[in-house]
Each structure stands twice: as structure tokens, then as C-alpha cells.
Amino acid sequence: MINPTDDLREVLERGARWNALLTSRLVTDEDLQVIQRYELRDEDARADMMDEEGDACARAFLNVLSDVSQTEYVQYTLALVTRMLSDDKTRASHFLTVEKKKDDDDRVLGGGGGEAYALFLRLLAAPDWFTREKAMFCLTRLIDQRPARDKGLRFSEDGEPATPAGVAAVRLSRWLCQELSADPPFHPQRAVPSCVTALASLLSIREVRPVATRAGAARAIAPLLKAAAGPHNVQELYEAGLCAWLLTFHPPACDAMARCGVIRGLMEVAGAAAKEKVVRVATLALRNLASATGAREIRGEEEEAGLDGTRTARDGDDDGVVGVSGVVGVSLAAQESALRKLVQNLRLRDFHDEELLAALTDLEDGVLARRKEASSWDRYRAEVTSGALDWTAAHTDEGFWRENASKLTDNNCQLLRMLVAAASDPSAEPRTLAVVCHDLGEFATHYPAGRFLVHDLKGKDCAMRLLAHADDEVRKQALLCTQKLLVQKWQFLGGEVSSA
């Protein structure tokens, strides 16, 4: 687990050469006196000083961060502020009450803590990870301790946040999604764990979820849910699962998670994790996705997440009901047997949490109910539309293709075009690519002139490019698809080759 204060010691012991700044007039004598009186005290004395001179301390720290660019001083000042906010998060209120300096031209976030938000947001672009991480931590603390009038992060009619806290939350959530999606991470050990923890904190704010969804939060957390559930990354898995659970309260995020493999990832985590809190958060996320009514609004009462004893969430988008879309339903239907096996295995473990046990029952019932409510063609159409295909029964059912192959040509070959588009998507998962190649080949086999239609839509070109794909199954299905597109009686190729 990454603690924001576990790497402060070296920077704090190094100190800062304040006299050099005073000589160059980059810091005022008044601010220097405040900082030196604060940094030389022990923990209890620092707390007493914050009680008496909290606003002055915050003003002095912000002045240094605003006027000084040298890494040495920025890191040391951030270390002092990070330690302060880690010891007592309510100290953030001092930074939020500091008025903006009159000679500061940056008025984007003016008022209501705007200067503090603007300074820490600027530091997210620093060239070193220490500065980025501490600025991120300070921002999450400030947003968490925002004034009561800003708790709702009011948005204007054009969808833009109307408060400094809202602007900061939106910008930080976008930055976090970018950092989590970076390959390689900015810092090999600390970037992902610290960013996913901060993202989970932000997603507890309802208004942030649409912004995070548009910024790619689902795709950012998907790889984290596929990691082995070893003891070294338990907290990282938990935080990623918590992000998924919080996103289930926003309908478009549910669709996004279904498309990028989060459902399979949650299943892997729930089945492999040793810690109950990790199993619990993954199961609750799956339950919300599979439930016929989705995640429920708490209607004025806080629903205790109960995942680590510290987090609660008050949620409810779209009048409090999150409906499960066809995209999610199809993804869950594709995992029906695996989900049922997962539930059976988890019930064999010695869990005593009543909500977890109830979620397992809801999960199983929800998946079965969804599977019964749509015909095989409806499920297939929704699956293709989702862009995330899996080996559901329809793909390998000869009767399905004999009956439904012609439907892929409806509406100017709409579904057939979607399959070709999926085959050409460089970001698609290997399983999706394999299934798409299989389906293009089945269409070519069962529809008159199907080979020529796929060829005209550039489907053959896509299949041939996938012959060089890194995944074995993709290459296999691409080869079979190419054979079906090139040779009318492709099924006899194997016999001819064998007899040759």
C-alpha cells in the first residue's frame, strides 16, 4: 500500500535554504518567519500553531508554491503541507479560506479556495513524481474538505462546474485517468497505486462520475482488475474494485465497463482475492451490474460501503435507478456459466458478512433473469452493438447462423459493418477480435454472396492483418476466416491438405 507520507523523511531532513530565497526576494520575511516557526516544532506544537495561526501558515506555504519554481523548495514545501494534511485533514480549510492575491493574473479559479486549487493543479505537470503525487494528495484533501455550500459541486447550464472545487475535481479526475492509462506509468512503483486511490476518492462525488466516465475511467481501471490478487497489491485491487463499484451508479459508465472487460476483471478478482474486503467490493459491483434495477439511490440516507470501515457513499443518478443496458446484459449473459461457478465457489468460503452473501444471491438471480428476457438474436445484436464480443452460444450454433445470417445485411449491412469495424479496432481485446473473425467467416459461409460482401467492406483485409496478431486464438480465427473468404468449399481444405 502506498502512503503519501512514507517518502517524506528524506525531503524533510534535507530542509530548504530559505535565506537564499530571502536574499533574492522570492519570499517575504513575514512568510519566512511563519514557515521556520512551523517547521522546527514537534507534532503537538505544530498542531497548536495551526489552531492559532492556521491561515497565516497556509498563506505562507501558498506564497512559496506560487512564487518559487526551484524543485528543492517546491518539494520541501509540499512535504510540509502533505504531512500537515495527513495528520489532520481538517487543516485543508485554512487553504480554502485564503484570499487570492491581487497581483495574481490567474483568475480561473479565483475565490472559494481558488488559489490553492490552481496552484496544486499546476504542480500536476511537474517533471518529478514526488511533486505530482503530493500535489494530487493535497488536491484530494482540499476537495474532500470543501465548504458545505460546495458539497454538490454545482454545475452551470452548459455542463461546466460552477465552483472552484468543481473545477478542481473535474481537472483532477481527467488527469488521474490519463496517468492510469499511461504506458509505461510515470513512476513504476507509485503512480498506479496512488492514482487509483485518489480516483476512488473523487468518484465518491456523484457529479464527478460523468466526467471520469468521459475521460476513460472504465478503460483505465480495467487492467488493474486483471492483475494477480497477490498480497503485494491487495489495496490496489481494492481501490480499483471500489472505483468500479462507484461507477455502477452512473449508467453510461456501466456500458463502458462492459465494453472494456471490467466485468471479467471483477470476476477474476472476486474469485482469486484472499482478502474479504476485496471479494466484497468486486461482488457488490457485479451485483449492481447484474441487478434488474441496477444500483439504488439511498434516498437521503448514507449507504455504508462497509468495505474497509472508512468509506460511505451517497449515490443515485437518473432519479435513483441505474438500469442495466443491453450492453451490460449481453456481457453478463456471456459469462453466465462462469458467474454461476463463481457464486458457488464463493459460497464455499467462510464468509459471514450478510450483505456479501445477499449480493451473491442477487448476482445469480439477476444473471439468470437477464438471460431469459431476450431472444438469441436480440442478445447477439446487442453484443455486436456493444463492441465487446465473447463466446456466447450463438456464435458457435450452426442453426443460429442458418436462421439469422441474412439479418446482418439489414439496414444497409449495419451489423456486418460493425463487425468489420470491430476487426479493425487496434484497441479491441483479443477475445473480441477472435469472435469477430469467427463471425465474419460464418456469415460468408451461410449467406449467399457473403464472401463478396465481406470483401467489399474490407473485412478480408482486416482478417489478413490479424494473421500477424500476437494472440494465438486471434491468429487461428483469422486464418479460418480467411479460408472461408477465399475458398467456397473451405471445409474440405483440411482433408485435401491431409491427403496431399
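This report describes surface patches, buried residues and salt bridges in a predicted model.

## Surface patches

A negative patch on the surface is made up of Asp42, Glu43, Asp44, Asp48 and Glu52. One of these residues, Asp44, belongs to helix H4, which covers residues 43-67. Asp44 counts as exposed because its relative accessibility is 58%, and exposed residues are those over 50%.

A nonpolar surface patch is formed by Met464, Leu467 and Leu479, which together have about 250 Å² of accessible area. Met464 is placed in helix H25, residues 459-465. With a relative accessible area of 42%, Met464 is partly exposed.

## Buried residues in helices

Helix H7 spans residues 114-123 and contains Glu115. The relative accessible area of Glu115 is 2%, so this residue is buried. The side chain of Glu115 has a polar contact, at 2.6 Å, with the side chain of Arg59.

Tyr73 is located in helix H5, residues 71-87. Tyr73 is also counted as buried, at 3% relative accessibility. Between Tyr73 and Gly15 the sequence separation is 58 residues, while the C-alpha to C-alpha distance is 8.5 Å.

In helix H20, residues 376-386, the buried residues are Trp377, Tyr380, Glu383, Val384 and Ser386. An α-helix has 3.6 residues a turn, so residues three or four places apart point the same way. After H20 comes Gly387, which has a positive phi near 85°.

## A buried arginine without a salt bridge

The loop between helix H8 (129-144) and helix H9 (164-181) contains Arg146. Although Arg146 is buried, it has no salt bridge. Asp144 is the nearest side chain of opposite charge, at 5.6 Å from Arg146. A salt bridge requires a side-chain nitrogen of Lys or Arg within 4 Å of a carboxyl oxygen of Asp or Glu. The side chain of Arg146 instead reaches the backbone oxygen of Ile143, at 2.6 Å.

## Salt bridges

Side chains of opposite charge can pair when their charged atoms come close. In this model there are 22 salt bridges. One of them joins the side chains of Glu53 and Arg37, with an N to O distance of 3.0 Å. Glu53 is part of helix H4 and Arg37 is part of helix H3 (residues 29-39), so this pair ties together parts of the chain 16 residues apart in sequence. Glu53 is partly exposed, at 24% relative accessibility, and Arg37 is likewise partly exposed, at 32%.

A salt bridge with an N to O distance of 2.2 Å connects the side chains of Glu429 and Arg264. Glu429 sits in the loop between helix H22 (410-423) and helix H23 (430-446), and Arg264 sits in helix H15 (residues 262-272), so the pair ties together parts 165 residues apart in sequence. Glu429 and Arg264 are both buried.

## A further pair and a network

Lys484 and Glu442 also form a salt bridge through their side chains, at 2.8 Å from N to O. This pair links distant parts of the chain, as Lys484 lies in helix H26 (residues 472-486) and Glu442 lies in helix H23, 42 residues apart. Lys484 and Glu442 are both buried. Elsewhere, Asp6, Asp7, Glu133, Lys134 and Arg190 are joined into one network by salt bridges that share partners.

Methods:
Residues are numbered from 1 along each chain as its sequence is written. This is a predicted model: local features need pLDDT of at least 70, side-chain atom pairs count only at pLDDT 80 or more; totals for chains, interfaces and linings use all residues. Side-chain values use heavy atoms; hydrogens and water are left out. Patches are made of residues with over 30% relative accessible area and no salt bridge: like charges are joined within 9 Å, nonpolar side chains (Val, Leu, Ile, Met, Phe, Trp, Tyr) within 5 Å. Accessible areas come from the Shrake-Rupley method with a 1.4 Å probe; for residues, only the protein chains shown count as cover. Lys and Arg count as positive and Asp and Glu as negative; His and the chain ends are not counted. The place of a charge is taken as NZ of Lys, CZ of Arg, CG of Asp or CD of Glu. Helices (H or I, at least four residues) and strands (E, at least two) are DSSP runs, numbered from the N terminus. Buried means under 20% relative accessible area, exposed over 50%, partly exposed in between (1.4 Å probe, protein chains only). A polar contact is a pair of N or O atoms within 3.5 Å; within protein, one must be able to donate a hydrogen and the other to accept it, and residues adjacent in sequence count only if both atoms are side-chain atoms.
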